[in-house]
Amino acid sequence: MKKQLRAFYIMHSIDWFAHTLLGILLPVYFISLGYPIFQVITYFIVFCFGIAFFFFVAGFFATRFGVKECLFLRLPLRFFQLAMLYFLPQAGFLFFPLAVIHAIQISFYWFPYHVIFTQSASEDRMGRDVGKLSAYTQALSVAAPLTGAFIAFKFGYNYLFLLSGAVHLIAAIPLFYLKNWQSKIRFQPKIIWRLFKKHKKFFFATMNYYLVVEAEGVILPIFVYLTFKNIISVGTIGAMAGGGAVLFTLLIGNFSDKYNKKKLLKLGAALMIIIWVLRYFAVDEKVYYLLSILAGFFMILMAVPINAINYSIAKGENVDEFVVTREIMINAGRIIIYSLALVMSAKINYSFLVAAGVLIYFIIIKQSYGKKN
């Protein structure tokens, strides 16, 4: 099992580097092509609804053909998405179909990702395993946002798309060393409802957490680009956050196995509330850089324990059905923040206060999210 986990770590770390080369720059690319903020945010709403649907499709595909085949199919889908981005300036009609293809390829990656990690990781070392995976990923990708921004600024986005595709191809090599897990999923609303009722506090925590993650990964880059008119600033903020995360992840992973995960979540939430409020009032570019480093630290205080809780609970349920239920709640959080950002597009930094507000949930909740947490 350790060999499987090692191959999985390598695969995901390389793939995440390819993803983060472009990740936070995607909304900036759309804006640079002349798309209004309203349309850019609508793209992400379509994308989220797409994931909520296509996660089921990925689950059924994995049940029929296997989890590894799901990851292999995702590769040409990602290449197709990058090709659509390449031709988008000449073919504007691709804009919303692109959101659908984006959702499909993401679903065919993250569904098998969660199944493989849940079945490979050790329950009594869950925090450590999550921390290790996150640390490897962040260490490899820490410079990716700034690298991507530099390439886009110096040579153009098309070179960035080509580089991202090439790295994704390299990331596929470790797939050959993974065994082919079999999935087992049933599309029955009553199963989803049963899981939701049983773990509703965890699912609401997940929804709120990923609302904040989307604010960090999409809304903040849009605001920074519109404010400072500089793509390098967007890349620098991504790199700063990644750098802060690398230094902290392994420590928190080991710590969360020994101490109460809910207390770590409370601490991380309290500190991130301060970060989002300061971001709302900040006007200096250097202040945003500093706050991004601190956000990298503090988001890890939340990310490692909430993911460790997620995989621990999933081990006691049908993994595939639990993953799909969780994804519905994740996209509910995403759709909420994007819908609010759509309404507040003239003052998009109001979304920062929304992010701060939902984090209060982690502070006031009184019961545990799951067993031993």
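This dialogue works through helix packing and two loop residues in a predicted model.

Reader: What should be settled about the model before its features are read?

Author: This is a predicted model, in which local features need pLDDT of at least 70 and side-chain atom pairs count only at pLDDT 80 or more, while totals for chains, interfaces and linings use all residues. Residues are numbered from 1 along each chain as its sequence is written, and side-chain values use heavy atoms, with hydrogens and water left out.

Reader: What average pLDDT does the protein have, and which elements have the lowest and the highest mean?

Author: Where pLDDT is low, the predicted coordinates should not be read in detail. The protein averages a pLDDT (the predictor's confidence in each residue, from 0 to 100) of 87, and 89% of the residues score at least 70. Among its elements, helix H11 (residues 231–258) has the lowest mean, 71, and helix H15 (residues 350–358) the highest, 96.

Reader: How many helices and strands are there, and what share of the residues is buried?

Author: There are 16 helices and 0 strands, where helices (H or I, at least four residues) and strands (E, at least two) are DSSP runs numbered from the N terminus. Of the 373 residues, 60% are buried, the classes being buried under 20% relative accessible area, exposed over 50% and partly exposed in between (1.4 Å probe, protein chains only).

Reader: At what angle do H3 and H14 pack, and how far apart are their axes?

Author: Two packed helices are described by the angle between their axes and the distance between the axes. Here axes are lines fitted to C-alpha atoms, for helices over the stretch in contact, with angles from 0 to 180 degrees between N-to-C directions. Helix H3 (residues 37–65) and H14 pack at about 170°, with their axes 9 Å apart, which means that H3 is roughly antiparallel to H14; angles under 35 degrees count as roughly parallel, over 145 as roughly antiparallel, 65 to 115 as roughly perpendicular and the rest as oblique. The contact (heavy atoms within 4.5 Å) includes Phe38, Ile41 and Phe55 of H3 and Val323, Ile328 and Leu342 of H14.

Reader: How do H10 and H14 cross, and with what handedness?

Author: The axes of helix H10 (residues 200–228) and helix H14 (residues 319–343) come within 8 Å and cross at roughly 50°, so H10 is oblique to H14. Their crossing is right-handed; a crossing is left-handed if the near helix is turned anticlockwise from the far one by less than a right angle, and right-handed if clockwise. Among the residues in contact are Phe203, Met207 and Leu211 of H10 and Phe322, Met329 and Ile337 of H14.

Reader: At what angle do H12 and H15 cross, and which residues meet?

Author: The axes of H12 and H15 come within 8 Å and cross at roughly 165°, so H12 is roughly antiparallel to H15, and the crossing is left-handed. Ile273, Trp276, Val277, Arg279 and Tyr280 in H12 meet Tyr350, Phe352, Leu353, Ala355 and Ala356 in H15.

Reader: Where is lysine 229 found, and what is its phi?

Author: Most residues other than glycine have a negative phi, and most peptide bonds are trans. Lysine 229, in the loop between H10 and H11, has a positive phi near 55°, and is exposed, with a relative accessible area of 62%.

Reader: Is alanine 282 buried or exposed?

Author: Alanine 282 is found in the loop between helix H12 (261–281) and helix H13 (285–315), and counts as buried because its relative accessibility is 14%. Leaving aside neighbours within four places in sequence, alanine 282 is in contact with Val287, Tyr288 and Leu291.
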